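Colleague: Before I rely on any labels for this protein, I would like to hear the reasoning behind each of them.

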Amino acid sequence: MRCPFCGFADTQVKDSRPAEDGVSIRRRRQCPACGGRFTTFERVQLRELKVIKRDGTRELFDRDKLHRSVAIALRKREVPEERIEHLISGIVRRLETSGETEISTSTVGQFVLDALGETDPVAFVRYASVYRDFREAEDFNRFVDDELGALKESLKRRGNVRDD
């Protein structure tokens with residue numbers, strides 16, 4: 001692992017332990033060249049995934065990019081970071097176990113919407129507004145009437161939402 005401070009190519013692991021999310025390993029490292037200390041996280045990757053964008057281009061799946069987009073949707077919402085990490089891990093697990101090595105952005109987006117729908121209705125609408133490219137206020141109205149209504153009914157059936 002390259003040192004982020006001086007660029008030295010061979011840093012030493014000083015401590016390893018399971019991370020709080022339970023699906024990664026937290027490693028404390030030290031650079032023998034500059035003495036800098038830093039933390040890395042190691043996760044299991046079942047397969048290398050590629051995302052097919054709307055314009056047909058392909059790029060490697062980036063967990064951090066997914067995390068950033070979900071964090072933006074959940075900004076200023078009272079959802080703990082631990083819950084967000086669990087949500088991201090669930091989406092990645094669904095993608096990796098789908099059996100596909102190339103996945104469309106629409107599939108990724110739908111998985112995110114599914115997860116946000118069960119987590120926070122405001123984040124669900126925020127993400128959908130970007131993902132579905134809302135242009136007019138009427139787009140929000142239609143979405144809230146159709147999608148959010150159906151989501152609320154589904155959550156009620158499962159006992160996750162009060163009827164008020």
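Colleague: Which residue in β2 does S16 stand opposite?

Modeller: This is a predicted model, and in it S16 stands opposite R27 of β2.

Colleague: How do you know that β1 and β2 are paired?

Modeller: Two strands count as paired when at least two bridges are found between them, and β1 and β2, the latter spanning residues 24-30, pair over 6 bridges in the antiparallel sense, so by that cut-off they are a pair.

Colleague: What makes β1 and β3 edge strands?

Modeller: The sheet is open, with 3 strands in the order β1-β2-β3 and antiparallel pairing; β1 (12-18) and β3 (37-43) are its edge strands, as each pairs on one side only. Neighbouring strands of this sheet are turned against each other by 25 degrees on average, with direction ignored.

Colleague: Why is there no disulfide between C3 and C34?

Modeller: A disulfide requires two cysteine sulfur atoms within 2.5 Å, whereas the sulfur of C3 is 3.8 Å from that of C34, the closest cysteine sulfur, and is therefore too far away for a bond. C34 is likewise in no disulfide, and a search of the whole structure finds 0 of them.

Colleague: Why is C3 called buried or exposed, and which is it?

Modeller: Buried means under 20% relative accessible area, and C3 has 3% relative accessibility, so C3 counts as buried.

Colleague: And what makes C34 partly exposed?

Modeller: Partly exposed covers the range between under 20% and over 50%; C34, at 40% relative accessibility, therefore counts as partly exposed.

Technical notes
Residues are numbered from 1 along each chain as its sequence is written. This is a predicted model: local features need pLDDT of at least 70, side-chain atom pairs count only at pLDDT 80 or more; totals for chains, interfaces and linings use all residues. Side-chain values use heavy atoms; hydrogens and water are left out. Helices (H or I, at least four residues) and strands (E, at least two) are DSSP runs, numbered from the N terminus. Axes are lines fitted to C-alpha atoms, for helices over the stretch in contact, and angles run from 0 to 180 degrees between N-to-C directions. Buried means under 20% relative accessible area, exposed over 50%, partly exposed in between (1.4 Å probe, protein chains only).
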